Amino acid sequence: MAKINLSIVVLEVALLLLAETWAQNLRKRQALPKPSKGQCCDEVRSLKVQVANLTSLFEELSRKQETDMKKLVKQILDLDQQSQQQEARVTEAESKYSEINNRVEIMQLQTAQSAPKTSSEATYDCASLYSKNYKISGEYKLPKDEFLGTPELPIFCDMETNGGGWTVIQRRSVGLTSFNRDWKQYKQGFGSIRGDFWLGNDNIFRLTRQPSTLRIDMEDWEGEKRYAEYGFFTVSNELNSYKLFLANYSGNAGDSLRYHNNTNFSTMNKDNDKCLDDCAARRKGGYWYNCCTDSNLNGVYYRYGDHIKNQDKNQDGITWYSWHGPTYSLKKVEMKVRPVNFQS
C-alpha cells in the first residue's frame, strides 16, 4: 500500500514539472514579436514593383538594341549601294573612254590612209592594221586599190581570235539576210558588215593575192564551238570563176572543205559545179559546190527547232558534215583570212 501511494506522489510531481515546462515555453512564444499583416504585404508589393521596373528596363534596352541594329544594317546597305553605284560609274567611264579612244584611232587611221604611201606602208587588210598597233576588233576601212581599180572597202577585223589580224569575209549569226543571191551580188558583196554579210568575191580575191590562211569559227544551237583552219587558202579572179584552192587543215571541227577544193564558185544564176544537178539551186546559196556538198556555209539560216526538222527534209541549211552531218543547220559561222606570214 505504501508503495502505491509513493508511485502516485512521483506521478503527480512529474505532471507538475511537465505543466510548468509547457507554461514557460508558452510564455516565451508569446513574448516573441509577430510581423503585422500590413508589413508583409508592403514588402511583397515592393518586390513586385522592383521586378516590374527591371522587366521594363530590360524591354527598353532590347528595343534600343534592335533599333540600333536596324540602323547599322541600313547604313551597311547604303554604303554597299553607294559602292556599287561608284563601281558602275567607273565602269561606264572606262567603257566610254575605250569607245572614244577607238574612234580616235580609226579617225587617225583614215586620215593616215588618205596620204600617199609606199608599198611597205600601205594597208591591205586587218593584219596590216594590227602591225600598225590597231588591235581593237571592229569596223575599219581599207583604201581603194589602184592596181585592181577597187574602191574603198569597209571591213570587220577580228583582233582577238588566235592572235588576231583576221579580216572577216563572211558571217552568219542573225538570219535576217538571205544568201540565195545571184552572181553579181556575190561578186560585189552584200549584207551588213556588223551583221550577216558576204564581203564579195572580188574583195576576197583582192585579200588572198598574197599567201593566206583561212579560219572558220562555228557554233551549234547547244552553244558548243568548233573551228577549222587551212594553212593555205586562195581564190582566183572572176575570169577563173573564183576557183578555190586550199590545203593544210587543222582544227577540231573536221575537214569538210577539202571536198570543195579546186572547184569554181556557183550561184543561183551561174551553175559552175561538177554535178548534173544544179547544186546552188538545191542548196539555196552561193558556194564552191562540187557534187554537191560536204559543207554549205552560205545555205539557208534555220532557227532553233527548224535547224533539224527542216534541214532533215531539205538539207539546204548551214552545214558542216564532219561535225553535225548533213541534217543539222548551225547557229553561227564566221569565215576570216590573214596572211600566212602574220605575226602577232
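A residue counts as partly exposed when its relative accessible area lies between the buried limit of under 20% and the exposed limit of over 50%. In this predicted model, Met69 has a relative accessibility of 46%, so Met69 is partly exposed. Met69 sits in helix H2, which covers residues 37-113. The residue also takes part in a nonpolar surface patch. Its partners there are Leu72, Val73, Ile76 and Leu77. Together, these five side chains make a patch of about 470 Å².

The cysteines were examined next. The count comes to 3 disulfides. With the bonded cysteines numbered in sequence order, the pairing reads 1-2, 3-5, 4-6.

One disulfide joins Cys126 to Cys157. The S to S distance is 1.9 Å. This pair links distant parts of the chain, with the two positions 31 residues apart in the count along the sequence. Cys126 belongs to helix H3 (residues 126-131). Cys157 belongs to strand S2 (residues 153-158). The torsion about the S-S bond of Cys126 and Cys157 is about -80°, so this disulfide is left-handed. Cys126 is buried, and Cys157 is buried as well.

Another disulfide is formed by Cys275 and Cys291. Their sulfur atoms are 2.2 Å apart. Both cysteines lie in loops. Cys275 is in the loop between strand S8 (244-251) and helix H6 (279-283). Cys291 is in the loop between H6 and strand S9 (295-296). The pair therefore ties together parts that are 16 residues apart in sequence. The two cysteines fall into separate accessibility classes. Cys275 has 18% relative accessibility, so Cys275 counts as buried. Cys291 has a relative accessible area of 37%, so Cys291 is partly exposed.

A disulfide also joins Cys279 to Cys292, with an S to S distance of 1.9 Å. Cys279 lies in helix H6, and Cys292 lies in the loop between H6 and S9. The bond therefore ties together parts that are 13 residues apart in sequence. The torsion about the S-S bond of Cys279 and Cys292 is about -85°, so this disulfide too is left-handed. Both of these cysteines, Cys279 and Cys292, are buried.

Terms used: Residues are numbered from 1 along each chain as its sequence is written. This is a predicted model: local features need pLDDT of at least 70, side-chain atom pairs count only at pLDDT 80 or more; totals for chains, interfaces and linings use all residues. Side-chain values use heavy atoms; hydrogens and water are left out. A disulfide is a pair of cysteine sulfur atoms within 2.5 Å. Helices (H or I, at least four residues) and strands (E, at least two) are DSSP runs, numbered from the N terminus. Buried means under 20% relative accessible area, exposed over 50%, partly exposed in between (1.4 Å probe, protein chains only). Patches are made of residues with over 30% relative accessible area and no salt bridge: like charges are joined within 9 Å, nonpolar side chains (Val, Leu, Ile, Met, Phe, Trp, Tyr) within 5 Å. Accessible areas come from the Shrake-Rupley method with a 1.4 Å probe; for residues, only the protein chains shown count as cover. A salt bridge is a side-chain nitrogen of Lys or Arg within 4 Å of a carboxyl oxygen of Asp or Glu.
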